[in-house]
Amino acid sequence: MKGCLISIRPTLIRSLSAAALLLAVVLALCCGRYPLSPSRVVVVLGRLLHLWGGSDPIADAIVWQVRLPRALAGLLVGSALSCGGATFQAVLRNPLVSPDILGVLSGSAFGAALVIVLGGSPALIQIGAFCGGLLAVSSGLSISRLLPQGGLLTLLMGGLIANAVFTALLSLVKYTADPMDQLPAVVNWLLGTLSQTDWKELSWLTVPILILITVLILLAPLLDVLSLGDDEARSLGVSVRVMRPVVILLATLVCAMTISMAGIIGWVGLLVPHVARMLAGAEHRNMMPVCALLGAAGLILADTVARSLTSGEVPLGVMTELFGALAFILVLRRLRGEGV
């Protein structure tokens, strides 16, 4: 009986997480400065799918052009950052690690800011953010290989050095930016937002992000092995020197894609894996799907609050920083109470 309950629990947690995501999407489509009832949203979606006729141009425009793209973008960004954060925490064997530990956030911020100052288009800004994140992490990995001894400590040191360098470069770009035009655009991008997301952007980012999320989830057994330690992983036949950089590269790719879409969104990659572990356990095959679902639901809810709270729009990055920090305090209290 006990074994049956243990086997049922992961399925139940995944089902509840999926239900939370569905509820978050419904709230995102209904809530805002122009509220819509759930029945009206259903009618709009059915009309857009050509299931029935009718006309409601205002509701159609709100759902199709504004809220649905933002909800899908929040789903992708939240899932990707959560799975990327869980991957970094497993590979680096540190529960306080987040996607920015190896410099991907500072590198992406520098790349995007540089393109903004140079007058690039929105598409080039996304490309600059993506390339900047990859360059920063690649630099951190290269620096770690130059340091003696090797191992996790040198990897973290390389990431810290790369993070410091690209943070300094970002500050230099901000210092040279035009304070009347370019600097506000850089600051707005750094605060994080889904307001610029449209169907064109989703059309070329959705498939790569979904593929990388799926790959990270399928790598759950490898993450379990890598989280044991280098010696244990080698004894199980895993080449740590080869697999660790590969997994880090995959997590970096998916995080860089989300940054190119939404800017800097903090705390999601740090907090959500902790919540997923509390609910689904430490095994990554159970935890990673829950992590993806909860990350998506959490970011969609945060974006809904950000655009509904005031007459203007609160930057999404500010909302995740505020609520993420408060929620993380509760998580730490819970872990301390359990003696973890």
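Okay, quick definition before anything else: when I say helix here, I mean a DSSP run of H or I that is at least four residues long, and the numbering starts from the N terminus. With that in hand, reading this chain from the N terminus on is easy, because it goes α-α-α-α-α-α-α-α-α-α-α-α-α-α under that helix definition. That's 14 helices and zero strands.

One caveat up front: this is a predicted model. So how far does the confidence go? The mean pLDDT of the chain is 88, with 95% of the residues at 70 or more. If you go element by element, helix 13, residues 284–308, has the highest mean at 95, while helix 14, residues 316–337, has the lowest at 80. The bit I'd leave out of the discussion is residues 1–5: pLDDT stays under 50 there, and the model gives that stretch zero contacts beyond four places in sequence.

Now the overall shape. For 340 residues, the compact-globule rule puts the radius of gyration near 20 Å, and this chain comes in at 21 Å, so the two agree. The C-alpha atoms fill a box of roughly 65 × 65 × 35 Å along the principal axes. As for packing, 48% of the 340 residues are buried. And of the contacts with a separation of 6 or more, 76% are between residues at least 24 positions apart.

On to the outside. The accessible surface is about 16200 Å², and carbon and sulfur atoms hold 70% of that. Where do nonpolar side chains gather on the surface? There's a patch of about 850 Å², and its members include Leu-147, Leu-153, Met-157, Leu-160, Ile-161 and Tyr-175. Let's take Met-157 from that list. Met-157 sits in helix 6, residues 152–176. Buried or exposed, or something in between? Met-157 has 39% relative accessibility, so we call it partly exposed.

For contrast, here's a residue on the inside. Val-117 belongs to helix 4, which covers residues 104–117. Its relative accessible area is 18%, and since the cut-off for buried is under 20%, Val-117 counts as buried. Which residues does Val-117 touch, apart from its neighbours within four places? Those would be Val-173, Ala-177 and Gln-182. And in the other direction along the chain, Gly-85 is 32 residues from Val-117, with 30 Å between the two C-alpha atoms.

That's my tour. Happy to pull up any of these residues on the screen.

Key:
Residues are numbered from 1 along each chain as its sequence is written. Side-chain values use heavy atoms; hydrogens and water are left out. Patches are made of residues with over 30% relative accessible area and no salt bridge: like charges are joined within 9 Å, nonpolar side chains (Val, Leu, Ile, Met, Phe, Trp, Tyr) within 5 Å. Accessible areas come from the Shrake-Rupley method with a 1.4 Å probe; for residues, only the protein chains shown count as cover. A salt bridge is a side-chain nitrogen of Lys or Arg within 4 Å of a carboxyl oxygen of Asp or Glu. Helices (H or I, at least four residues) and strands (E, at least two) are DSSP runs, numbered from the N terminus. Buried means under 20% relative accessible area, exposed over 50%, partly exposed in between (1.4 Å probe, protein chains only). The radius of gyration is taken over C-alpha atoms; the globule rule is 2.2 Å times the number of residues to the power 0.38. Contact means heavy atoms within 4.5 Å. pLDDT is the predictor's confidence in each residue, from 0 to 100.
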